[in-house]
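Colleague: I would like a close look at one part of this model, followed by a connected account of how that part sits among the rest. Please take the structure below as the starting point.

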Amino acid sequence: MNWRVGELDGLSLVSSSDAHSAGRLGREATLLAAGLPDFAALRHALATGDGLLGTLEFFPEEGKYHLDGHRACGLRLAPEETRRHGGRCPRCGGALTVGVQSRVEELADRPAGHRPAGAKPFESLVPLDEVVAAALDQGPATRKVRELVERLTAELGPELALLRAAPLDDLSRVGGARLAEAVRRVRTGELDIAAGYDGEFGTVRIFRSDEQEPDRRGQKAARARKKAREGPEAV
């Protein structure tokens with residue numbers, strides 16, 4: 001989004017995690033060349049771009065106010081839709097909450113997709129615990145997810161290196177084929193993303209609902225059959 005604003009071309013774009021959640025520290029990062037041993041070298045890299053390799057990011061769509069919208073009506077809108085409706089909710093007529101993307105459109109002097117010459121690359125990642133949770137069809141805070149995350153990092157290396165570069169065969173060996181497929185999709189951007197709006201976080205889904213983990217599908221089907229046998233009064 002910053003690439004669309006020409007007056008930012010002379011600045012180095014950096015990224016770092018918010019410090020409010022210890023478990024999220026380091027999941028957004030600025031990539032630097034090896035061999036920057038002191039502050040002077042770091043300052044030089046940031047000032048000139050020499051040694052600055054790019055950034056690692058969450059998906060910006062996950063933000064609470066990425067798109068415009070009206071939470072009460074469950075409505076999210078792209079900036080052009082907001083303009084078309086005069087800033088009013090097309091369902092109830094109330095004022096829409098304008099998001100980040102609309103502000104970018106106001107400031108931009110370049111079309112979407114523009115990349116300035118010499119711009120450093122960026123990568124958008126999904127945190128490892130969420131990738132593992134998707135693969136196991138479990139919550140990110142569950143014991144099974146924590147145990148597999150610990151096993152993966154113990155055998156294959158730290159989180160960011162694992163997400164970006166670990167061979168898929170190794171991921172399959174340690175965490176299973178479904179985990180390797182989840183990481184592959186994150187790397188290639190084959191994701192289902194619903195952007196945040198009006199105070200609602202966006203969502204990034206790796207697997208569709210019809211791609212649920214087989215064991216979990218069997219468990220849910222068995223519970224449904226059991227409930228049908230016991231009748232509507234069963235608790």
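Which residue forms a salt bridge with Glu155, and how many Å apart are the closest N and O atoms?

Modeller: The model is a predicted one, and what follows should be read with that in mind. The partner of Glu155 is Arg173, and the closest N and O atoms of this salt bridge are 3.6 Å apart. Because Glu155 belongs to helix H5 and Arg173 to helix H7, the pair ties together parts that are 18 residues apart in sequence. The two ends of the contact fall into separate classes of accessibility: Glu155, with a relative accessible area of 47%, is partly exposed, while Arg173, at 54%, is exposed. Elsewhere, salt bridges that share partners join Glu181, Arg184, Arg185, Glu190, Arg208, Asp210 and Glu211 into one network.

A search of the whole structure finds 16 salt bridges, and two further pairs help to place the one you asked about. Arg27 and Asp129 meet through their side chains in a salt bridge, with an N to O distance of 3.6 Å. This pair links distant parts of the chain, since Arg27 sits in the segment before S1 and Asp129 in helix H4, 102 residues apart. Both of its members lie under the 20% limit for a buried residue: Arg27 counts as buried at 12% relative accessibility, and Asp129 counts as buried at 16%. The other pair is Arg71 with Glu200, where the closest N and O atoms are 3.9 Å apart. Arg71 is found in the loop between strand S3 (68-70) and strand S4 (75-77), and Glu200 in the loop between S6 and S7, so this salt bridge ties together parts that are 129 residues apart in sequence. Here both residues count as partly exposed, Arg71 at 45% relative accessibility and Glu200 at 33%.

The helices that carry Glu155 and Arg173 also take part in the nonpolar interior. In soluble globular proteins, nonpolar side chains tend to be buried together. In this model the largest nonpolar core has 30 residues, and those with the most contacts inside it are Val126, Val131, Val132, Leu152, Leu171 and Ile206. The elements that give two or more residues to this core are H4, H5, helix H6 (159-165), helix H7 (168-175) and helix H8 (177-188). Of these, H4 gives the most, with six residues. Helices H5 and H7 are thus joined by the salt bridge between Glu155 and Arg173, and both are also among the contributors to the core. Ile206, leaving aside residues up to four places away in sequence, touches Val126, Val131, Ala134, Ala182, Arg185, Val186, Glu190 and Leu191. Among these contacts of Ile206 are Arg185 and Glu190, which also belong to the salt-bridge network named above.

Just before H5, the backbone has a feature that deserves attention. Asp137 lies in the loop between helix H4 (128-136) and helix H5 (143-156), and its phi is near 55°, a positive value in a residue other than glycine. Most residues other than glycine have a negative phi. Another aspartate with a positive phi is Asp198, for which the value is near 45°. Asp198 lies in the loop between strand S6 (192-194) and strand S7 (203-205), and it is buried, with a relative accessible area of 12%.

Finally, there is the sheet. Three strands form an open sheet in the order S1-S2-S5, with mixed pairing. Strand S1 (29-32) and strand S5 (122-124) stand at the edges, each with a single partner strand, so one side of each is left without a neighbour in the sheet. From one strand to the next, the twist averages 20°. S1 and S2 pair in the antiparallel sense over four bridges, and within this pairing Leu31 stands opposite Gly54 in S2. Strand S2 (residues 52-57) and S5 run parallel and are joined by three bridges; on that side the bridge partner of Leu56 is Glu123 in S5, and Glu57 stands opposite Ser124. S2 itself is mostly covered, five of its six residues being buried.

Note on methods:
Residues are numbered from 1 along each chain as its sequence is written. This is a predicted model: local features need pLDDT of at least 70, side-chain atom pairs count only at pLDDT 80 or more; totals for chains, interfaces and linings use all residues. Side-chain values use heavy atoms; hydrogens and water are left out. Buried means under 20% relative accessible area, exposed over 50%, partly exposed in between (1.4 Å probe, protein chains only). Two strands pair if DSSP finds at least two bridges between them. Axes are lines fitted to C-alpha atoms, for helices over the stretch in contact, and angles run from 0 to 180 degrees between N-to-C directions. A nonpolar core is a set of buried Ala, Val, Leu, Ile, Met, Phe, Trp, Tyr and Cys residues joined through side-chain atoms within 4.5 Å. Contact means heavy atoms within 4.5 Å. A salt bridge is a side-chain nitrogen of Lys or Arg within 4 Å of a carboxyl oxygen of Asp or Glu.
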